Structures are given as C-alpha cells and as structure tokens.
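Visitor: I would like to go through a structure with you, one part at a time. May I ask short questions as we proceed?

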Amino acid sequence: MISLKDVSKKFNTKQGTIIAVDDVNLDIKQGEIFGIIGYSGAGKSTLIRLLNGLEKPTGGKIIVNGKEITSINEDKLRQVRHKVSMIFQHFNLLWSRTVAENIAFPLEIAGVPKDQRLARVNELIELVGLEGRGNYYPSQLSGGQKQRVGIARALANRPEVLLCDEATSALDPETTDAILDLLVSINEKLGLTIVLITHEMQVIQKICNRVAVMEGGRVVEEGDVLEVFQNPQQPITKRFVTQVSDTTQTMQTIQNLVDLYPNGKLIKLTFVGEQTEQPILSRLIKQFKLEVNIVQGNISHTKSGAFGTLILQLDGDASAIDEAIQFIHEQKVSTEVINND
Amino acid sequence: MINTLFPNVDWPKMWEAALETLYMTAVSTILTAIFGLALGLLLFLTSPQQAWANKLANWLTGAFVNIFRSIPFIILIILLIPFTKLLLDTIRGPNAAFPALVIGAAPFYARMVLIGLREIDKGVLEAARSMGAKTSTIIWKVLLPESMPALVSGITVTCISLVGYTAMAGIIGAGGLGTLAFLDGFQRNQTDVTLMSTILILILVFIIQWIGDMITMKIDKR
Ligand SMILES: Nc1ncnc2c1ncn2[C@@H]1O[C@H](COP(=O)(O)OP(=O)(O)O)[C@@H](O)[C@H]1O
Ligand SMILES: [Mg+2]
C-alpha cells in the first residue's frame with residue numbers, strides 16, 4: 001500500500017542542515033494499522049507529511065497506492081490527497097464552519113454536488129457518533145468531539161489511507177480510548193489502512209498491528225507489535241515498552257511473594273497475545289479442586305489478545321496442582337513454577 | 001431653538017454636504033476593502049512558506065504598502081493631483097477624491113488584513129492542503145472566512161479614518177462636510193456651521209463603529 005525506499009528529508013535552516021528523516025525504508029500493508037513511535041523531534045511528523053506530499057523528500061522514493069507521489073505534479077498530488085487523508089493533534093477544524101460544514105469541506109474541494117454532500121455528511125456524522133451536533137460550532141465541542149469531526153472530515157472522500165499525527169495526544173485517557181476504538185472500528189468496517197504516529201506506547205499497544213520505532217530521523221526497530229513488546233532490541237524500544245509493563249519491578253518482588261504465599265505453588269503465566277486470561281482463570285477454578293489466588297498481574301490488552309504476566313497461587317492437592325499446570329500448558333500459555341513447597 | 005443655537009446653518013446645504021460625505025465614505029470604503037484585501041492577500045501569500053512564496057514580489061508589495069502608508073494624507077492628495085486629473089479629467093467634486101482616498105487607505109487596510117491572516121492557525125491551512133485544496137479554494141474558503149472578524153474590525157477602523165480623510169479632501173474642494181466646515185464655517189467665521197459639521201461627523205463615526213462592532217461580534221464563533 002505504502003512503500004518508502006531510502007527516503008530522506010533535510011531542512012536547510014540558518015543553524016545548518018537538519019536531517020529530519022534519515023534513509024527510511026518501510027512497507028505498510030493494505031488494511032493494517034501501522035504505528036510509528038518516537039520522542040518529540042524524532043522526525044515522525046515530517047515522515048507522515050511525506051506520505052501525502054505536504055513535504056517533498058530530498059532523497060528516495062515514496063509509493064502510495066501504486067503511485068509514485070514524489071514525481072507527480074501538483075494537480076495529480078491533489079487527487080491523491082482525496083484518497084490519503086489526515087487527522088491532527090489539534091484537530092485543525094475551521095472555527096467559522098459548523099460541524100456539518102467542516103465535514104462537507106473536503107467534499108466541496110472534490111467537487112461533490114450539494115445534495116450528495118448533504119447525504120454523505122449525515123452518514124459521516126452518524127458513523128463517528130455526533131448525531132444532533134451537526135449545527136454546533138467547533139468552539140462548542142469537547143476535544144474528543146472535535147477529533148470525531150476531524151475523523152469524519154478525513155473520511156468524507158472515502159480515502160484508502162488515513163494518516164494520524166498524534167491524533168490522541170491532546171486528549172485525556174478515556175477520550176483517547178474512545179477515539180482509538182473508533183479508529184479500529186473504521187479500520188475494520190472500511191478496510192482502511194491507518195498510519196498512526198505517537199509518543200505513547202499505550203496507543204501502539206492498543207490498536208496497532210505493526211510498529212516502527214524512530215529515533216533521530218531513523219527507523220531503529222520495526223516489527224509486529226507483540227514481537228517488539230516481548231523482545232525489544234534497542235534501548236529506546238525497551239524504554240517505550242516499560243511505559244506499559246514494568247517487568248523489572250515484578251522480578252524484584254518475587255522473593256517477597258514467596259515469603260508472603262508459603263502454601264501451595266506459585267506459578268507465573270506469560271501471555272503472548274493468543275489468549276486472554278479470563279477464560280483460562282474461570283476454567284481453572286471450575287475444573288480443578290483448587291484454591292486459585294491472583295498474586296500479581298500485569299496484563300495489557302492488545303489488539304490480538306493479552307500480553308503480560310500473571311502470578312497465581314495454586315493451593316490444594318499436589319496431583320490437582322500438576323493437572324492444573326498441565327491444563328494451562330495446553331492453552332498455549334507458557335508457565336513457570338516459581339517455588340516448590 | 002435649534003435656529004438660535006445655529007443661526008448661520010443652511011440646513012438643506014448641511015444635509016447635502018452630509019450626504020456627500022456619506023457617499024465619499026461609502027464608495028471609498030468599498031474600493032479600499034477590495035484593494036486592501038488584494039494587497040493584504042498578496043503580502044501574505046508571497047511571504048516565506050506560503051503558496052506564492054516569492055521574495056521579490058513580497059518585498060515590492062511591502063515597499064509599496066509601507067511608502068503609501070507613511071505619506072501624510074494631505075500631502076498625498078497634492079501629490080496625486082496630476083494622476084487624478086489624468087484619470088478623471090477634474091480635481092474637484094466627490095469623485096475626484098477617490099484616487100487619493102483609496103491610495104491613502106488601502107495600504108493601511110492591507111496591513112490589518114495581513115495581521116488578520118497571520119493569526120489563522122497554520123494547522124488549519126495545512127489541513128486544507130492535506131485535503132487537496134487549491135490555492136484559490138484556500139483563499140475563498142479558509143483565509144477569508146477564518147480571518148473575517150479581523151477583516152471586519154479592520155475595515156471599521158479604516159472606514160472611520162476615511163471619514164477623516166474625506167474631511168481633509170474637502171479642504172481642496174472635494175465637497176461634503178469638510179468643505180462646508182472650511183469654506184462656510186472657518187473662512188466666513190461662522191463657528192456654528194463648523195460645530196454642526198463636527199456633530200454630524202461624530203454621529204457618522206459612532207454609527208460606523210457600532211455597526212462594525214455588531215457584525216464582528218455576530219460572526220465570531222471562536
Ligand atoms: N519546516 C521545517 N524546517 C526546519 N526544520 C524542521 C521543519 N520541520 C521539522 N523540522 C525539524 O525536523 C526535526 C523533526 O521534526 P518533526 O518531524 O516535527 O518531529 P516529531 O513529529 O517526531 O516531533 C526537528 O528537529 C524539527 O525541528
Ligand atoms: Mg510531531
């Protein structure tokens with residue numbers, strides 16, 4: 001869907017040349033949610049702006065939807081932009097227009113006749129859950145509602161790619177979750193490819209299939225979100241991963257746990273995304289004559305299942321404990337016995 | 001009562017002068033709005049990073065605006081006499097005042113237009129570009145509507161300046177309340193005529209300010 005080959009972007013400023021994007025190679029597949037994470041100044045915004053031609057690369061090739069956007073003229077580029085739309089951290093709505101008029105704007109640009117515009121706007125208002133707000137002005141909306149308008153506006157011309165530049169960074173955690181859910185449902189319903197940039201690992205963890213980690217203009221690590229979570233290579237990636245699950249802390253307290261729960265067995269389950277913990281726990285309790293206590297848990301729910309660790313105390317008959325451990329093994333959850341009696 | 005306070009005022013003549021002032025102000029405000037907007041947009045769009053970024057064009061427009069903004073209006077009228085003669089074949093009457101009024105006021109308004117346009121959030125312009133908008137669409141559907149409150153309050157201030165300019169133009173024979181105050185009031189030593197002209201001009205200015213404030217408030221949805 002999107003492919004970048006040796007893409008660089010340099011800015012010449014009074015202070016000298018800034019290499020904002022440095023020799024980046026990426027392949028983003030049709031229909032996936034691709035995350036790019038990095039700290040401020042890493043070059044994320046510049047990279048995403050290259051994808052719709054708002055910036056021209058100083059080197060390399062960018063192919064979006066089969067078109068080499070680096071070499072086409074301004075007219076064709078404008079056509080491409082109807083199909084590669086964008087949402088922003090600060091929403092960037094026109095304050096002089098109502099919600100409905102804001103959503104209609106890209107349709108006006110694309111030359112859609114008025115009656116069709118009205119119908120499409122109503123559809124979009126419903127899609128993003130803003131029924132009844134069509135005649136409000138942006139100043140009358142909350143941040144989350146403004147971003148919904150931004151999303152509706154971006155979807156107006158039925159794009160194939162949606163670029164999100166820190167789309168949730170100005171929102172509180174609950175609103176962030178609601179907007180991320182909306183993005184996932186759009187991705188599933190419309191088959192839209194989403195490229196999302198953020199500095200928050202929670203966002204990547206929650207909705208992305210794959211992730212690229214950017215530092216100093218370079219992509220330093222790339223892969224499936226789960227793999228990157230489980231096995232981060234670069235120091236910067238490790239820092240991002242610890243944002244969500246602090247495993248080092250877990251390790252330090254294990255000895256304390258052993259002292260605290262001297263009976264039965266302490267076992268550590270590691271979830272790698274294919275399962276969620278709830279069905280396993282409930283079956284464990286129902287099927288085996290055991291006391292099951294949750295000692296400690298650190299589970300993150302990603303798009304493809306749970307990831308993280310759970311420490312359980314199993315107390316009861318020794319053979320029942322062994323059977324239970326066997327059962328957990330069969331659920332494709334790796335288990336580790338922390339202590340013996 | 002009013003005739004004892006203003007014994008020398010010729011009311012029909014005063015009324016006619018007021019209408020002339022109104023006419024000059026209205027027409028010159030419309031022309032100034034058009035030329036000022038065009039100049040302001042040109043200044044904005046030729047500045048660095050904008051759609052028509054061009055150092056030379058930006059410098060030339062800037063120089064034109066700054067020079068004509070700096071020339072005192074009364075001197076500008078005199079400087080423009082040959083130009084007016086060439087354009088209109090006369091230098092007397094309300095119409096003859098227009099070249100000087102517009103050339104004097106448009107650069108002033110252009111600066112205010114520029115300030116208004118610069119206040120527009122850069123992100124909004126970027127959003128419009130990301131939707132595939134042409135520069136003409138950006139001008140009509142983003143730049144002008146998004147800066148409208150600033151444009152309206154700017155034209156209100158400019159319009160009030162233009163009332164003053166018409167009075168000055170009156171001294172060299174453009175007509176209106178300025179001419180009346182100068183010829184009938186000052187030169188014939190009839191203070192009441194000058195006073196009445198002043199009162200009418202003040203009323204006009206207050207009405208303009210009130211209308212301008214009303215519109216600005218009504219259109220500002222921020
Ligand atoms: N138009 C520009 N001119 C000069 N430097 C720029 C420009 N845009 C971005 N940069 C620089 O490029 C680097 C990357 O910026 P950006 O892509 O905004 O990073 P991020 O979005 O990851 O915070 C920064 O050092 C920034 O100052
Ligand atoms: Mg950024």
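Guide: Certainly; the answers below take the two chains, the ligand and several local details in turn. Please keep in mind that this is a predicted model.

Visitor: How many helices and strands are there in chain A?
Guide: Chain A contains 12 helices and 14 strands. Its C-alpha atoms fill a box of roughly 75 × 50 × 35 Å, taken along the principal axes.

Visitor: And what does chain B have?
Guide: Chain B has 11 helices and 0 strands. Its C-alpha atoms fill a box of roughly 70 × 40 × 25 Å along the principal axes.

Visitor: What percentage of residues is buried in chain A, and what in chain B?
Guide: In chain A, 52% of the 341 residues count as buried. In chain B, buried residues make up 45% of the 222 residues.

Visitor: What about the surface of each chain, and how much of it do carbon and sulfur atoms supply?
Guide: Chain A exposes about 15600 Å², and carbon and sulfur atoms supply 46% of that area. For chain B the accessible surface comes to about 11700 Å², of which 70% belongs to carbon and sulfur atoms.

Visitor: Let us turn to the ligand. Which residues surround ligand 1?
Guide: The surrounding residues are A:F11, A:T13, A:I18, A:A20, A:Y39, A:S40, A:G41, A:A42, A:G43, A:K44, A:S45 and A:T46. By kind, this shell divides into 5 nonpolar, 6 polar and 1 charged.

Visitor: Which polar atoms lie by the oxygen atoms of ligand 1?
Guide: Three cases can be named. A polar backbone atom of A:G41 is 2.6 Å from an oxygen atom of the ligand. In the side chain of A:S45, an N or O atom is 2.7 Å from a ligand oxygen. For A:T46, a polar side-chain atom lies 2.5 Å from an oxygen atom of ligand 1.

Visitor: How much of the ligand does the protein bury?
Guide: Ligand 1 exposes 560 Å² when taken alone, and the protein buries 64% of that.

Visitor: Which elements give two or more residues to that shell?
Guide: They are β1 (2-13), β2 (16-28) and α1 (44-50) of chain A. Helix α1(A) gives the most, with 3 residues.

Visitor: You mentioned β1 and β2. What is the strand order in their sheet?
Guide: The order is β2-β1-β4-β5 in chain A, an open sheet of 4 strands with antiparallel pairing.

Visitor: Why is one side of β2 and of β5 left without a neighbour in the sheet?
Guide: Strands β2 and β5 (67-68) of chain A stand at the edges and each has a single partner strand, so one side of each has no neighbour there. The partner of β5(A) is β4 (residues 59-64), and these two pair in the antiparallel sense over 2 bridges. Within that pairing, A:I63 stands opposite A:E68.

Visitor: What do β9 and β10 of chain A form?
Guide: They form a hairpin with 2 residues between the strands, and A:G216 in the turn has a positive phi of about 55°. Strand β9 covers residues 210-215 and β10 covers residues 218-224; they are antiparallel and share 6 bridges. In this pair A:E215 stands opposite A:R218.

Visitor: Now to chain B. Why is helix α7 described as largely enclosed?
Guide: Helix α7 (residues 122-130) of chain B is largely enclosed by the rest of the structure because 7 of its 9 residues are buried. Among them are B:V124, B:L125 and B:E126.

Visitor: What is found at the start of α7(B), and what just after it?
Guide: At the start, a side-chain oxygen of B:D121 reaches to within 3.0 Å of the backbone nitrogen of B:G123. Just after the helix, B:G132 takes a positive phi of about 90°.

Visitor: One last residue, B:D184. Is it buried or exposed?
Guide: B:D184 has a relative accessibility of 13%, so it counts as buried; the cut-off for that term is under 20%. Its place is in helix α10 (residues 176-187) of chain B.

Visitor: Which side chain does B:D184 join in a polar contact?
Guide: The side chains of B:D184 and B:K13 are joined by a polar contact of 2.8 Å. Leaving aside neighbours within four places in sequence, B:D184 is in contact with residues including B:N189, B:Q190 and B:V193.

How values were computed. Residues are numbered from 1 along each chain as its sequence is written. Chains are lettered from A and ligands numbered from 1 in the order in which they are written. This is a predicted model: local features need pLDDT of at least 70, side-chain atom pairs count only at pLDDT 80 or more; totals for chains, interfaces and linings use all residues. Side-chain values use heavy atoms; hydrogens and water are left out. A residue is near a molecule or strand if one of its heavy atoms lies within 4 Å of it. A polar contact is a pair of N or O atoms within 3.5 Å; within protein, one must be able to donate a hydrogen and the other to accept it, and residues adjacent in sequence count only if both atoms are side-chain atoms. Accessible areas come from the Shrake-Rupley method with a 1.4 Å probe; for residues, only the protein chains shown count as cover. Ala, Val, Leu, Ile, Met, Phe, Trp, Tyr, Cys and Pro count as nonpolar, Asp, Glu, Lys and Arg as charged, and the others, Gly among them, as polar. Buried means under 20% relative accessible area, exposed over 50%, partly exposed in between (1.4 Å probe, protein chains only). Contact means heavy atoms within 4.5 Å. Two strands pair if DSSP finds at least two bridges between them.
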